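Colleague: I should like a close look at one part of the model below, set in the context of the chains around it.

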Amino acid sequence: MMRLRPLALLLLATVALLWPRSGAAAERVRLWHSWRGQEQAVAEALVLEFRAQQPDIEVELLSVPYDAFSAKLASAIPFGEGPDLFVDSHERLGDYARRQLVAPPGDAWDPAAFVDVATAAVTVEGQPLALPLSLKSLALYVDDDLAAAAPPYLEDFAQLQARLPPGVVALAYEAPNAYAHAAILHAFGARMLHDDGSFGFVGPRTADSIALVQDLLDAGAVPRDADGALVTNLFRAGKAAFAMSGPWLAADLGAPDGTRPDGSRGHRWHVVPLPRVRATGEPMQPLLTVESLMLSPAGARKPAARALARWLASQPAALARMQQARAVSARRDVVADDPVVQAFAQQARTAVPMSTSTAMRAAWEPANKALRKILRGDATAELALAEAARRFEQVMRPPPPPASPLPLLLALAAGSLLGAWVLLQRARTAGLRERVRRSLPAWAWLVHAVVAVGTLVVLPLVVGAATSLFAGPPGDVHYVGLANFIDILRARGGPLFASGSFWLTLAVTLLWTATNVLLHVGIGVALGLLLARPVLRLRAAYRVLLVIPWAVPNYVTALAWKGMFHRQFGAVTGLTMSLSEWLGTPIEPISWFSRFSTAFTANVATNAWLGFPFMMVVTVAALGSVPKDVLEAAEVDGAGRWQRFWHVTLPMIGPSLVPAITLGAIWTFNMFNVVFLVSGGDPDGTTDILVSEAYRWAFTRDAQYGYAAAYAVLIFVLLLGLSRGLDRLRARAVARGGA
Amino acid sequence: MNPMRRRRAIESALVHVALVIGVAFALYPVAWVAALAFSGTPAPEPQVMPWPQQPTTAHFEEVVGATATIGDDSVWLFGRQLANSLVVALATATVGVLIAIPAAYALARFDFLGKRSGVGVLLATQMFPAVASAIPLYLVLEALGLLNTRTGLVLCYASTAVPFAIFQLRAAFEAIPVDLEEAAMVDGATRVGAFVRVVLPIARPAIAVTALFAFMSAYNEFILAATLLDDSRMFTLPVMLQHYVGEYDAKWEAFAAGALVVSLPVMALFYVAQRHLVAGLASGGVKG
């Protein structure tokens, strides 16, 4: 036994030595993506295969919703928290490089592996920054049961329309979307963005391309106001002979021979490259997106991350993605055998890769607005395109020059001196010590709330507000003093009440808030009073049913409202149609989002619907604490119903309603979701409110966070002023009522 | 008596008509969401009544049956995320209300140094759009070591819900006559004892509503949850729902199905909570 002891010690020592090493050897690699469905399944299978080959490397896959993807990367990677690898579209590389969210892939890059267009797409300033995985572009879907073959020219769809059965449209595509329109734009020899980064959506060629679309719309060959869901639904239901869409549509269609997984039969279909444009003889060239594997700076330093990157971009991985998820590979040595993939691969060869320039992000909004304006007939092409160019210039204007921080420091110093002096004064005169002593018990009730709200709400807001004093591209910001505020208040040098100017947006916001609060309080209090009646059958059922608008996530109900207002297929249109049949007088369907008044009404209807349950619940709760004997006494006194409400009920529930109304008004003022999802600012940005402007500057207009923060500070100051003013008014009213 | 009774009957009928109209207005858009959720291949046609086309429950099966392979084991993602959502939202409601109750009581009953400016700051937090504060919040949580934890998420949600909760509860506490507490304190109760035994029971409707609001705000949020958490086993349901919306296309049918499923627990909770909305008086026995 004694002899075994040294052996045991030796064993222990070996284990002790080996233990941390074996722990360190299992390297962890984190990969974030926003793949779904089949693509996600393939990715998971590929990672399993990789781990079978490299058991020392642990891989953590995280699927992040697309809407949160960029924001998550931008907050995590700078703190060293983010992924080692992530999958995103190549056109964001310029922005990511500027923010140092990506690093060159180093030895994971294989110069000979990828097709030229993909290599070019992921190369920024002469250096490849990502590994291209798959190519995505629009192509033409053909419904074989409705059309024999694709016409050679885009113009032919207008004639084709006459030969189709009623209710079937010749070509479904998102006509009001600049992304789809770019395919036609390119056939006219124009570009969204020139190589030097200047705005390309201008001039007679662009105007001609839009005029061609206008002809197709007038012939009824293309649906008006189409979005992606409508294109999918039209083609899938056999209501469109052709559709211009991307590979994602194929996933919704079932097999090309018309069989579907659920056993039902759809139309037969196939995919071909887009036709030519007769006016120029050139083929339509859609925009190309290269889905790419990017390495974060931390990931690029890890050999394990680079090994995983090499594997995911390799030939076997590309083959698996192609065979199981119909991905068009970016590799030279992967040849498509499936006809759908072949068609998309063929289209990718003539497609125009999206620019990686950060200016691209600023180009979409003005281009979309101009396109819609012209297609609606609200402005001539010349005027609308010139306005688009001006808007682009406004977004891309150079940041204000750096300002000296001296005035700010002086102001801060003076402010704190003044504060200290005031405190000192108070301490001396008013017996501060006594007041502090008397406040201590109250503070004990408060301290945790102060700590929680202070660190997690106030601190981030103050830091956020401070960014309003800075400007410049992300990663290279400088202090500019009040320049952002001055720029906003001067409407960026343009007319004070032009669309998108601070002052016009403010007017719209005030109208929006007032209308909504009136409707919320009116509907909410009325229903609350009805629900609080002493005798009411089915009370519980009513209460639960009436609160449903508030219970269902508003993201989806806002979109349902938008769908109801669709000019051609919306339920509101259906209602007006049956109403006109019933009345016997034809009522034109309204194009809700083409005029300010109707688009604003649609937004208000949605928000009133979303918001009334809140006021109703608050009313019911407030009525719950009104003593019944007071109301009964009033009844016995012979007070009328209205008088009882006005003189007894309202004063009793008023104190509980006031905070809800005040906060409701503030929340409505900043209600970004509804405006963004229902009208989206249409027409021409006129229905945008201040907070949606702020969001646009932060997230769609070249990430000008300082400018967006300046909007936020202005909103804050406005609301503060408004609430102070209302308080004064109320105090005066109370005083007068008392006298 | 007869005309009186007839008037009552007519009035009650009118009330029901008004409520039915309100319910129809509340349900119509949701019915469209439901129609979409049950539709196989929705064909775009102007319809008045929201009937599903080619009815199917496939989308519900897809949403509820969502699984994922994480590491080496297969996880029933929907179940996990539903549990996460409920736990996070309930914790938010509890923490938020627990933080807010004493603070609101202090604001309602005591006069102290910093009261006015404190109320001002609380109101101000609601006025500031959160457009530029996501990254600073991330920074704070990183410093506290609470990134990628549900605790951190709950604390964020709860703190955000606290200002509204304080306002709502302060109004409720102010409406309760001070004499009741004073009577209890004369009888030998401490301030805390009087508060717990006298004030809280009377304020039950307001507390129920406040908790419900805090629950809702946490239950439907997704951007913060997706940003602060790095593990799909910790994600809440709205994050999963958002997955049905991609860069180029969206599976609206599945999204709609998911949205309906997500809202069921809220409705159940509301059904339970709504009885508390009027219970305060009966148990408290307040006479004005």
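How far apart are the centres of domain 1 of chain A and domain 4 of chain A, taken over C-alpha atoms? Please then turn to strand E3 of chain A: which strands are joined to it, and by how many bridges?

Modeller: The model is predicted, so local features are given only at pLDDT of at least 70 and side-chain atom pairs only at pLDDT 80 or more, whereas totals for chains, interfaces and linings use all residues. Residues are numbered from 1 along each chain as its sequence is written, and chains are lettered from A and ligands numbered from 1 in the order in which they are written.

The centres of domain 1 and domain 4 of chain A, taken over C-alpha atoms, are separated by 44 Å. Domain 1 is made up of residues 24-134 and 289-336, domain 2 of 139-285 and 358-396, domain 3 of 406-479, and domain 4 of 483-738; these bounds come from an automatic or database domain assignment. The C-alpha atoms of chain A fill a box of roughly 105 × 90 × 65 Å along the principal axes.

Strand E3 of chain A spans residues 85-89, and four of these five residues are buried. A residue counts as buried if 20 or more other C-beta atoms, placed from the backbone, lie within 10 Å of its own, as exposed if 12 or fewer do, and as partly exposed in between. Helices (H or I, at least four residues) and strands (E, at least two) are DSSP runs numbered from the N terminus, and two strands pair if DSSP finds at least two bridges between them. E3(A) is joined to strand E1 (residues 27-33) of chain A by two bridges, and these strands run parallel; here A:Leu31 stands opposite A:Leu85. Strand E11 (residues 287-295) of chain A is joined to E3(A) by five bridges, in an antiparallel arrangement, with A:Asp88 opposite A:Ser292 of E11(A). In a regular strand the side chains alternate between the two faces of the sheet.

Chain A as a whole has 30 helices and 15 strands, and 46% of its 739 residues are buried. Of its contacts between residues at least 6 apart in sequence, 74% join residues at least 24 apart, a contact being a pair of residues whose C-beta atoms lie within 7 Å. One pair distant in sequence is A:Gln53 and A:Trp311, 258 residues apart along the chain, with 10 Å between their C-alpha atoms. A:Gln53 is in helix H2 (residues 37-53) of chain A and counts as exposed because 9 other C-beta atoms are within 10 Å.

The confidence of the predictor in each residue, pLDDT, runs from 0 to 100. Chain A averages 88, and 95% of its residues score at least 70. In residues 17-24 of chain A, however, pLDDT is below 50, and this stretch has zero contacts beyond near neighbours in sequence. Where pLDDT is low, the predicted coordinates should not be read in detail.

Some backbone features of chain A deserve mention. Most residues other than glycine have a negative phi, and most peptide bonds are trans. A:Arg326, which is not a glycine, has a positive phi of about 55°; A:Arg326 lies in the loop between helix H13 (315-325) and strand E12 (328-329) and is partly exposed because 19 C-beta neighbours are inside 10 Å. A:Leu538 likewise has a positive phi, near 60°, and lies in the loop between helix H20 (502-531) and helix H21 (539-546). A:Leu538 counts as exposed because 12 other C-beta atoms are within 10 Å. The peptide bond from A:Asp682 to A:Pro683 is cis, with omega near -10°, and A:Pro683 is in the loop between helix H28 (672-679) and helix H29 (690-699).

Chain B completes the context. Its secondary structure comprises 13 helices and two strands, and 49% of its 288 residues are buried. Its radius of gyration, taken over C-alpha atoms, is 24 Å, against near 19 Å for a compact globule of 288 residues; the globule rule is 2.2 Å times the number of residues to the power 0.38. In chain B, 105 residues are in contact with 107 residues of chain A. Helix H6 (residues 150-174) of chain B supplies the largest share of this side of chain B, 14 residues. The side of chain B touching chain A divides into 76 nonpolar, 22 polar and seven charged residues, where Ala, Val, Leu, Ile, Met, Phe, Trp, Tyr, Cys and Pro count as nonpolar, Asp, Glu, Lys and Arg as charged, and the others, Gly among them, as polar.

Methods: Two residues are in contact if their C-beta atoms, placed from the backbone, lie within 7 Å.
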